[in-house]
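Trainee: I'm new to this one. Could you walk me through the side-chain contacts?

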Amino acid sequence: MNLPDFSLRNQTTVVFAMVLLLLGGTWGYFHLGKLEDPVFTVKTAMVMTLYPGASPHEVEQQVTRVIEEAVQGADEVDKVRSESRAGLSLVYVDLNEWIRSDELQQLWDMLRRKVEASQGKLPKGALPSEVMDDYGDVYGLFMALSADGYSLAELKTYADYIRRELMLVPDVERITFYGIQPEVVTVEVSRAQCATLGIAPSRIAGMLSAQNAIAPAGAMDMGSYRVRIDPSGVFASVEAIGGLVIQGEGEEQVFLKDLATISREYQAPAEPMMRFNGRPAIGIAVAAAGGANVVTLGEAVNHRLTDLMAGLPVGIDLDKVYYQSDFVKNKIEGFMLNLAESVAIVVGVLLVTMGFRSGLIIAANLVLTIMGTFLVMLVLGIDLQKISLAALILVMGMIVDNAIVVADAGLVNLQKGNDRFSGIADPTRQSAMPLLGATVIACLAFFPIYMAPTNTGEFCASLFQVVAIALMISWVLSMTQTPVFCYRFLTVPKGKKGSELHVGVFFRGYRRLLALALRHRLATLGLMVGLLVLAGAGMGMVEKRFFADADTAQFVVDYRRPEGSRIEAVSDDLKLAESFLLELPGVTGVATCVGQGPPRFMNSVNPEPKLASYGQLIINVDDYRKINGMMATIEPWFAETLPEGEPHIAKYISGPKADYRVEARFTGPDPAVLRSLSEQAKAVMADSPNAMNVTDDWRERTLVWEALYAQNKGRRAGVERTDLARDLLGGTDGLLVTHYREKNHLIPVKVVYSSPDQTDLSALPVWGASSTGVPVAQVTEGSGLVWEDPVIRRYNRRRVIRAQCDPVGNLTSDTLLAQIRPAIEALPLPAGYTLEWEGEYELSQNGNEGVKAFLPVSLVAMVMILVGLFNGIRQPLMIFVTLPLALVGMAAGLLLFGQPFGFLAMLGAYSLIGMMVKNAVVLIDLIDEDIRGGKEPLDAVKEASLDRVRPVMLASITTIFGMIPLVFDVMFVSMAVTIMVGLAFATVLTLVVIPVLYTLFFRIQTGMPVGEVAS
């Protein structure tokens, strides 16, 4: 027994199952995970190696190259990027994008073993490498703890308390701080007094370390007990450090406080710092456990924080910098409103076009399909987020296609006077396989997205999953629920039973149009070809953009002073910017991070490593639509007020993000040549009126004070090169000698040798084996300032520099790239140097190629299904001939609405293909069925077209109207326009072109009533 017959004979069972489905779907919705974006794993780890005292070039040659060689051998590694700075090597290992999240930990363990095996090749003085496989972790809750009248050290105590309590909240996995200013005990030694007493400052450092060291002293036996021996004497307070007895060269002894000034203060130069609305703050970033419901987590954290803050002193505030759960909640509510609007629109269209009873029957199919989709999503672990919800809206009109065909066929049969059971069961049974095949084909149109071996494919994977789930459920319901509801509730209006079908203005107009097209088949096809040529030209005028801007009510300003700037200078600049921004209408809060980027609080945010010349402003606004106007105001303010700085104002985008939207990547061996190529490319960018934020990622060269150690002079004075370096460190930043222990805190103790003038280090005394200090000039062959590259970047083990810029205003990166590309590619490249394009171009290429990789698989599967459905070749061939005509509506829609063609518009094009194939299958199947039933071929073509015009038109109309809510979403508007206008054109073309092609492919004469058809 087939499914429709079984359903009609067991209606109670079907109705009961529908009630369970409705209840289960409602329960599933409230238990689904809720996120802002799909889970998107950043497949990057960072290997950090410290090499104190080494220049960027030494770090690159002695450390970075070793690490790169160790990690790049694995097949899973896509590319290796690195940056070498003074004393620091950062190697970024990017895995292939086709690797899924559940495989990552094993690969990170393998990476860790490779790095550990390479440690023996590192130079002496390099510290052990640290593999940070949590580089891609997202801290979705980012808050700022601030207060008036409290020091940062006191704030740190309260931050520790908050972290301890929040770690007890379910699904909180990790909490990190930002902007902590470490305390330090500074022992500023007077060089003059040391010289008078003949005490080398290095001896003071050694005595401090020895006095405060924790050392085992064994234990002694006392009867039956073993008693541990504790030689006390470690510093119990900061004041106790001043009581340290310093032994001179002779018999004299002095207290350290007589030789030095001892103070407890914040470390200088400062560590990365944070402010919120101008007040010093500590950032508290919370990461959720995998699979956590972000909305639930945010509410739980909010609830716990309310209790905690009530117990803290007055004046301490905890403000939200980025609170993902609030964004998610607002966006989910907005999407659910869009979904409800879409459902209401589709139901309204059905009630108007199908009649009250037929409309409610199909609407019931729609609601039950959505409920069933929620339930299956819960079982499969698919969260509610922007992509899955957009898929529901996208598929809204497609869901009812099957039910429309079944209900319309049943209504027609009842109108013909057939008995109720067979009149409903027969057409449902006959259309079951064609509808199933067409439904699977519609799903296959999205399959390349799901299988794309890229980050973009992972980001959009739920689009295929939700579409496939919803469409397959809709087919099952159209074979079960729809015939049962038709049997129970469908009636023919009085006077319509036995009346002529296909009457009215609409059917008369379509009949005339079809007759005209069949009489002038070649002219019709010629017109289609002409429209296709125009559409191709039109698509050439459509701008290209990979992903649209996000509707997040927040944007950022990355600010850079010249390399080598002090962190205090950057901080002072950004204080001016904070004051200006907080006065702008619509700005609700400004968080400032100085010296380092904030933790990754969004997938698309790449944390900037520690760098004194860098700062970032995170600006919250009350309406994302105001951001463009604010950016236009902010840019000239920075140019006039802070001309030494380089601001990079950027909005978030709805997908993977590049550092700059247009980037020219030059690779080669010589830094000087690379800089020259970059300068030439930047000149081309700067000459374009459509380019802004022109820069490169090597930045300016910086000054280094170089003291050339002279071995003959040094050895004569008893001063080794290490002595010179030690005392220069002591005379500038200070020499770390021990730690003062206070409860559970370790506070560094630094010895600083006082110097009246740090700008002239040649007179600074240094000590070696002798108790007498000698000036730096006496152990060197000269000193002075020289220039060096502050950072050396590499890409797959080759030096690389990127010339970077952004397009102005709403101009797309594709348009800007097209304008500057010829001139930059015309630059002469020396042998061994290459130019490649990065930025959004590379992201777009990778994303599109990933989708296209599995497009042939989908097309072959579609062809196989079509050939199986029709048991022929000509029907599938004529369907595929019509598919390019979708370009006509797509080009018209994108140009009419001024939308770019990007990744999501491409997804709309794929879905449009699925819809066109489905409509064509429904029409051609009925033509074949009528011919097999004995009708004359030409009559069969005309009558089948008239029979299918209403369900095909209704399916298209419901899809078009159901997409209306997405037109107002900045992320999905291009996809909505592509589908709406494209489907409107494609439906008309399908209803005209398919009959014309059918008569041509099967040699049916259209000038006479009787035709000839091949078997």
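Mentor: Sure, and keep in mind that this is a predicted model. Let's start with the rings: Tyr 559, Phe 580, Trp 637 and Phe 638 are linked into a cluster by ring pairs.

Trainee: How is the pair of Phe 580 and Trp 637 arranged, stacked or edge-to-face?

Mentor: The structure holds 12 aromatic pairs, and Phe 580 with Trp 637 is one of them, at 4.6 Å centre to centre. Planes under 30 degrees apart count as stacked. Here the angle between the planes is 10 degrees, so the pair of Phe 580 and Trp 637 is stacked.

Trainee: And which parts of the chain does that pair link?

Mentor: The two residues are 57 apart along the chain, and both are buried. Phe 580 belongs to helix 22 (residues 567–582), while Trp 637 belongs to helix 23 (residues 627–641). The parts linked are therefore helix 22 and helix 23.

Trainee: Why does Trp 637 count as buried?

Mentor: Buried means under 20% relative accessible area. Trp 637 falls under that cut-off, so it counts as buried, with a relative accessible area of 15%.

Trainee: On to charges. How far apart are the closest N and O atoms of Arg 793 and Glu 83?

Mentor: A search of the whole structure finds 51 salt bridges, and Arg 793 with Glu 83 is one of them. Arg 793 sits in strand 28 (residues 792–795) and Glu 83 in strand 2 (residues 77–85), 710 residues apart along the chain. Both residues are buried. Their closest N and O atoms are 3.2 Å apart.

Trainee: Arg 112 and Asp 133 form a salt bridge too, so is Asp 133 buried or partly exposed?

Mentor: In that salt bridge, the closest N and O atoms are 3.0 Å apart. Arg 112 has a relative accessible area of 24%, which makes it partly exposed. Asp 133 is at 22%, and since buried means under 20%, Asp 133 counts as partly exposed.

Trainee: Last one: over the face of which residue does Arg 665 lie?

Mentor: Arg 665 is buried, with a relative accessible area of 2%, and it forms a salt bridge with Glu 842. Arg 665 is also part of a network of salt bridges, whose members include Glu 83, Arg 793 and Glu 842. As for the ring, Arg 665 is 4.1 Å from its centre, and the residue is Tyr 795.

Note on methods:
Residues numbered from 1 in each chain as written. Predicted model: local features only at pLDDT ≥ 70, side-chain atom pairs only at ≥ 80, totals over all residues. Heavy atoms only, no water. Salt bridge = Lys/Arg side-chain N within 4 Å of Asp/Glu carboxyl O. Helix = DSSP H or I, 4+ residues; strand = E, 2+ residues; numbered from the N terminus. Buried < 20%, exposed > 50% of the residue type's maximum accessible area, 1.4 Å probe, protein only. Phe/Tyr/Trp six-rings, centres within 6.5 Å; stacked < 30°, edge-to-face > 60°. Lys NZ or Arg CZ within 6 Å of the ring centre and 35° of its normal.
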